[in-house]
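Me: I'm new to this one, so can you walk me through how some of the pieces pack together? Here's what I'm looking at.
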Amino acid sequence: MILKGIAASEGIGIGTVRVVITTPKEISTAAPEDTEQEVARFNDALEGFCADTETMAAELEQAASEKEAGILRGHIQLIRDPFVLQQITDEIRKGLNAESATDRILNSVIEMFRATGDQLTMERATDIADIKTRLIMHLQGIEDVDLAKVPAGTVIVTEDLTPSMTVGITKDSVAGIVTASGGYTSHSAILSRALEIPAVLSVQNLLDSVHDGDTVIVDGTEGSVILSPTDEEIEKYTKKAEEFQEMKLRLEAFRGKPSVTGDGELREIVANIGTPADGVIAKDDDAEGVGLLRTEFLYMNRPSAPLEEEQYEAYKKVVQTFGDKPVIIRTLDIGGDKEIPYLNLPKEDNPFLGYRAIRFCLNNHDLFQAQLRALLRASAYGNLRIMIPMITRVEEVREVKKLRDRCIEDLTREGKHFNPDTPIGIMVETPAACMMADRLAAEVDFFSIGTNDLTGYTMCADRGNSQVADLYTAYDPAVLRSIKRICSCAHNAGIPVGMCGEAASDPALIPVLLAFGLDEFSVSHEKVLSTRYNMSLWTRVEADHIARHALARDSAANIKRYLKDKVKRRISR
Amino acid sequence: MVSKQLKVTNSQGFHMRPATVFVNAMAKYKSDVTINFNGLTVNGKSLMNLIAACIKFGSEIEVVCSGEDEQAALDEAVSMIESGLGEE
């Protein structure tokens with residue numbers, strides 16, 4: 001039998017299942033025989049919980065995960081609340097068993113947190129839920145599993161990886177990870193990719209179908225889990241695993257090489273990153289710079305906006321990581337699905353068509369100028385470029401430039417160092433910007449095509465909505481025509497054009513993008529080498545031919561089939 | 001029973017970390033510690049209840065201590081809140 005899920009971390013793993021339970025058994029309603037003994041049982045479980053949590057926190061600290069360690073220590077502080085412990089004890093003395101008493105009182109705390117309507121307090125409710133679950137599991141005698149001690153060839157099967165479980169997982173012992181929930185960007189997925197362990201997530205009915213000791217194959221490239229594989233299947237997948245390793249080696253040959261087409265035309269492959277720390281990883285993965293640094297990390301999970309100085313230090317760090325190579329930093333892109341409580345943005349019926357990104361920044365000059373000043377000051381340390389998201393009108397660009405000029409005047413007066421010619425560019429991700437690309441190109445120093453939003457806005461489809469998700473595809477001729485137009489407008493104006501959406505690393509779209517003359521491909525760091533490899537497969541003449549034939553078709557399905565077939569034949573050549 | 005009215009001056013208010021600092025300090029006193037805020041009476045030794053009260057920067061609160069070491073408890077509570085609850 002084959003179970004399907006989300007392909008979250010590439011590779012093939014074959015091994016023996018170890019099911020890790022993260023949810024308690026059903027809570028019994030039986031009254032305790034001796035209430036004082038029940039109180040003692042609760043206190044024992046509480047001490048066990050605190051001791052285990054402290055051990056995990058210490059291990060996390062060892063593994064340089066201070067943030068996760070801090071969260072776990074916070075859990076100990078929270079549950080050591082004398083008032084709440086007294087309430088639980090009172091409930092037990094009134095005749096509830098320890099599990100039920102814990103459940104009832106902590107549920108009321110969760111309710112109390114949620115009822116405040118305060119974002120930060122509501123987030124803490126998930127910590128209480130975490131504490132409740134683990135404390136009840138301690139009462140039920142379900143142990144926290146120490147994943148550092150599993151034998152080699154273990155496939156971990158669980159509801160979802162939690163920070164406390166991730167301590168001790170290594171590539172040497174864990175052959176694969178399969179979970180019942182989580183998406184491509186979940187904690188489990190990020191961790192699996194970082195450890196290079198094949199992973200399949202969000203598998204339905206997982207815990208009913210898989211049991212301790214089962215042999216399974218985890219195909220993290222296709223997103224499938226093969227249960228009770230036959231000898232032929234094991235043979236087939238062992239071969240596939242070898243091919244995967246071979247491909248990895250083949251890609252290694254592209255490390256440190258220039259990014260060129262089959263006939264030697266030079267392009268650029270850079271990385272999309274979310275934090276300065278990612279910059280170091282991207283550089284290790286051979287990115288030739290940064291095509292998109294999202295700055296939201298500076299603004300999220302904190303009570304107030306970051307000051308100029310803190311931002312300046314963060315930007316400077318990334319710029320210095322890359323020396324003279326370009327680092328494109330995008331100004332604040334909040335709104336849509338990204339919420340920042342202290343900005344007090346009103347709830348909107350239609351956030352993706354609402355008050356977000358540059359629309360917000362142009363109405364909040366203090367916040368925006370602090371960011372522009374920090375960016376300009378960091379420009380003194382390398383090759384920094386500023387990128388503005390969510391542009392729809394030419395006036396927006398002019399207003400941004402006016403604000404930039406004011407910042408430059410102020411910085412000059414203050415005697416601060418900066419590069420006065422810091423390039424300023426825009427994300428082209430709205431149909432309006434696409435239609436106005438010729439005029440916008442005259443105003444800015446570069447374009448970067450954000451295909452994720454451009455696809456959504458062009459097709460009017462939310463990829464998270466399964467009813468319309470099939471409309472959301474960059475293979476649609478409407479999207480490809482838009483990309484082509486944006487590239488031509490940029491080149492007519494003599495400015496470079498890049499792409500920072502997922503389409504830039506899609507092997508089947510790469511020949512089309514080469515034909516359009518895309519100058520810069522900004523991809524997630526682990527795809528730098530494969531993109532360079534895929535680029536090398538095509539000469540300009542071949543790419544032009546393929547793009548012409550693709551654009552002659554009028555349906556996404558047809559274009560996709562044609563392009564996938566082309567790339568498949570080329571790779572097996 | 002002793003009490004004092006004062007204003008919360010640290011930017012995070014009684015959030016996770018500052019509230020933890022506060023309850024840890026109050027735990028050593030035998031007296032009951034209560035914070036009156038916005039019509040609520042909150043147990044000053046209960047981290048969960050303090051967080052749920054959402055006491056923000058600039059809030060006017062009253063600290064009430066009652067018990068054998070009430071004056072010492074109140075003095076420390078007031079000096080902690082006035083000095084920003086351990087926030088840098």
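Reply: Sure, and keep in mind that this is a predicted model. Let's start with helix 18 and helix 19 of chain A, which are oblique to each other.

Me: Why do they count as oblique?
Reply: Their axes cross at roughly 125 degrees. Roughly perpendicular stops at 115 and roughly antiparallel needs over 145, so an angle between those limits is called oblique.

Me: OK, and how near do the axes of helix 18 and helix 19 of chain A come?
Reply: They come within 10 Å. Helix 18 covers residues 451-459 of chain A, and helix 19 covers residues 477-493.

Me: Is that crossing left-handed or right-handed?
Reply: Helix 18 of chain A passes helix 19 of chain A in a right-handed crossing.

Me: Which residues meet there?
Reply: From helix 18 of chain A you have A:Leu454, A:Thr455, A:Thr458 and A:Met459. Helix 19 of chain A brings A:Ala478, A:Val479 and A:Ser482. By class, the contact of these two helices has four nonpolar residues, three polar and no charged.

Me: Let's hop to chain B. How are helix 1 and helix 3 of chain B arranged?
Reply: Helix 1 (residues 16-26) and helix 3 (residues 70-82) of chain B pack at an angle of about 165 degrees, and their axes are 10 Å apart. That makes helix 1 and helix 3 of chain B roughly antiparallel to each other. Their crossing is right-handed.

Me: And what touches what between those two?
Reply: B:Phe22, B:Ala25 and B:Met26 of helix 1 in chain B meet B:Ala73, B:Glu76, B:Ala77 and B:Met80 of helix 3 in chain B. The classes there are six nonpolar, no polar and one charged.

Me: Switching topic: how many strands form the open sheet in chain A?
Reply: Eight, in the order 1-8-7-3-4-5-6-2, with mixed pairing. Strand 1 (2-4) and strand 2 (6-9) of chain A stand at the edges with a single partner strand each, so each has one side without a neighbour in the sheet. From one strand to the next, the twist averages 30 degrees.

Me: How do strand 3 and strand 4 of chain A pair?
Reply: In the parallel sense, over five bridges. Strand 3 runs over residues 12-20 of chain A and strand 4 over residues 154-158. A:Arg18 stands opposite A:Ile156 in strand 4 of chain A.

Me: Which helix packs on that sheet?
Reply: Helix 9 (residues 231-252) of chain A, touching strand 3, strand 7 (215-219) and strand 8 (224-227) of chain A. The direction of helix 9 makes about 110 degrees with that of strand 3 of chain A.

Notes
Residues are numbered from 1 along each chain as its sequence is written. Chains are lettered from A and ligands numbered from 1 in the order in which they are written. This is a predicted model: local features need pLDDT of at least 70, side-chain atom pairs count only at pLDDT 80 or more; totals for chains, interfaces and linings use all residues. Axes are lines fitted to C-alpha atoms, for helices over the stretch in contact, and angles run from 0 to 180 degrees between N-to-C directions. Helices (H or I, at least four residues) and strands (E, at least two) are DSSP runs, numbered from the N terminus. Angles under 35 degrees count as roughly parallel, over 145 as roughly antiparallel, 65 to 115 as roughly perpendicular and the rest as oblique. A crossing is left-handed if the near helix is turned anticlockwise from the far one by less than a right angle, and right-handed if clockwise. Two residues are in contact if their C-beta atoms, placed from the backbone, lie within 7 Å. Ala, Val, Leu, Ile, Met, Phe, Trp, Tyr, Cys and Pro count as nonpolar, Asp, Glu, Lys and Arg as charged, and the others, Gly among them, as polar. Two strands pair if DSSP finds at least two bridges between them.
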